[in-house]
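Trainee: I have a model open and want to work through it by question and answer. Where do we begin?

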Amino acid sequence: LRGWYEADEIAAFLAMIPQDRRGTILDVGANVGTHAVAFARAFESVHAFEPNPVAIAQLERNVALNRADNVQVHPVGLAEQAGQLDFFLTERSNFGLGTFSQHDQYDVPLKK
């Protein structure tokens, strides 16, 4: 809510990127947009990729609330080849637990 999540890590990352190299950045697995919103303040454009349909609404809301007009949200996952896969979630509220894998990875079952 207040931009504190991984704030130190984001600041350390940004400190390594020279100003003249801050054109476009990709946020792959953008979740609810913590990094995308922070990157919007430092880069000319941000492409945020997120396949989780539940997280997309929150991502778009966070981008709008922060007036991050240079963030383009892409509601897809990225992979080495094109295709369509089922997406699985858990009943937990952590959107980061979504996966394309059909194998249970957590201590709760996955739901398509």
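Mentor: We begin with a polar contact. The model is predicted. In it, the side chains of His74 and His47 are joined by a polar contact of 2.8 Å.

Trainee: Which residues is His74 in contact with, leaving aside its neighbours within four places in sequence?

Mentor: His74 sits in strand β3. Its side chain makes a polar contact with that of His47. Beyond its neighbours within four places in sequence, the full list of contacts is His47, Ala48, Phe49 and Glu50.

Trainee: Does His74 count as buried or exposed?

Mentor: The cut-off for buried is under 20% relative accessible area. His74 has 18% relative accessibility, so the residue counts as buried.

Trainee: Take Leu65 next. Is Leu65 buried or exposed?

Mentor: Leu65 lies in helix α3. Exposed means over 50% relative accessible area. The value for Leu65 is 52%, so this leucine is exposed.

Trainee: What distance separates the C-alpha atoms of Leu65 and Val37?

Mentor: Along the chain, Leu65 and Val37 are 28 residues apart. In space, their C-alpha atoms are separated by 9.8 Å.

Trainee: And what separates the C-alpha atoms of Gln84 and Ile56?

Mentor: Gln84 belongs to the segment after β3. With a relative accessible area of 81%, Gln84 is exposed. Gln84 and Ile56 are 28 residues apart along the chain. The separation of their C-alpha atoms is 17 Å.

Trainee: Now the interior. Which residues touch the most other members of the largest nonpolar core?

Mentor: Nonpolar side chains tend to be buried together in soluble globular proteins. Here the largest nonpolar core has 18 residues. Those touching the most other members are Phe39, Val46, Leu59 and Val71.

Trainee: Which element supplies the largest share of this core?

Mentor: At least two core residues come from each of α1 (7-15), α2 (34-40), β2 (45-49), α3 (53-65) and β3 (71-74). The largest share is four residues, and its source is α2.

Trainee: Which residues is Phe39 in contact with, leaving aside its neighbours within four places in sequence?

Mentor: Phe39 is one of the core residues that touch the most other members. Sequence neighbours within four places are set aside here. The contacts are then Ile10, Phe13, Leu14, Ile25 and Val46.

Trainee: Ile25 takes us to β1. Which residues form the covered face of β1?

Mentor: Side chains in a regular strand alternate between the two faces of the sheet. Strand β1 covers residues 24-28. Thr24, Leu26 and Val28 make its uncovered face. The covered face holds Ile25 and Asp27.

Trainee: How many bridges join β1 to β2?

Mentor: Take one residue of β1 as an example: Thr24 has Ser45 of β2 as its bridge partner. The two strands run parallel. The number of bridges between β1 and β2 is five.

Trainee: Is the β-α-β unit of β1, α2 and β2 right-handed or left-handed?

Mentor: The strands β1 and β2 are parallel. With α2 they make a β-α-β unit. Its hand: right-handed.

Trainee: What pattern does the protein follow along the sequence?

Mentor: The protein has three helices and three strands. Read along the sequence, they give α-β-α-β-α-β.

Trainee: Last one. What share of the residues counts as buried?

Mentor: The C-alpha trace spans about 45 × 30 × 25 Å along its principal axes. The accessible surface is about 7900 Å², with 50% belonging to carbon and sulfur atoms. Of the 112 residues, the buried share is 31%.

Terms used
Residues are numbered from 1 along each chain as its sequence is written. This is a predicted model: local features need pLDDT of at least 70, side-chain atom pairs count only at pLDDT 80 or more; totals for chains, interfaces and linings use all residues. Side-chain values use heavy atoms; hydrogens and water are left out. A nonpolar core is a set of buried Ala, Val, Leu, Ile, Met, Phe, Trp, Tyr and Cys residues joined through side-chain atoms within 4.5 Å. Buried means under 20% relative accessible area, exposed over 50%, partly exposed in between (1.4 Å probe, protein chains only). Contact means heavy atoms within 4.5 Å. Two strands pair if DSSP finds at least two bridges between them. A crossover is right-handed if, with the strands pointing away from the viewer, the path from the first strand over the helix to the second runs clockwise. Accessible areas come from the Shrake-Rupley method with a 1.4 Å probe; for residues, only the protein chains shown count as cover. A polar contact is a pair of N or O atoms within 3.5 Å; within protein, one must be able to donate a hydrogen and the other to accept it, and residues adjacent in sequence count only if both atoms are side-chain atoms.
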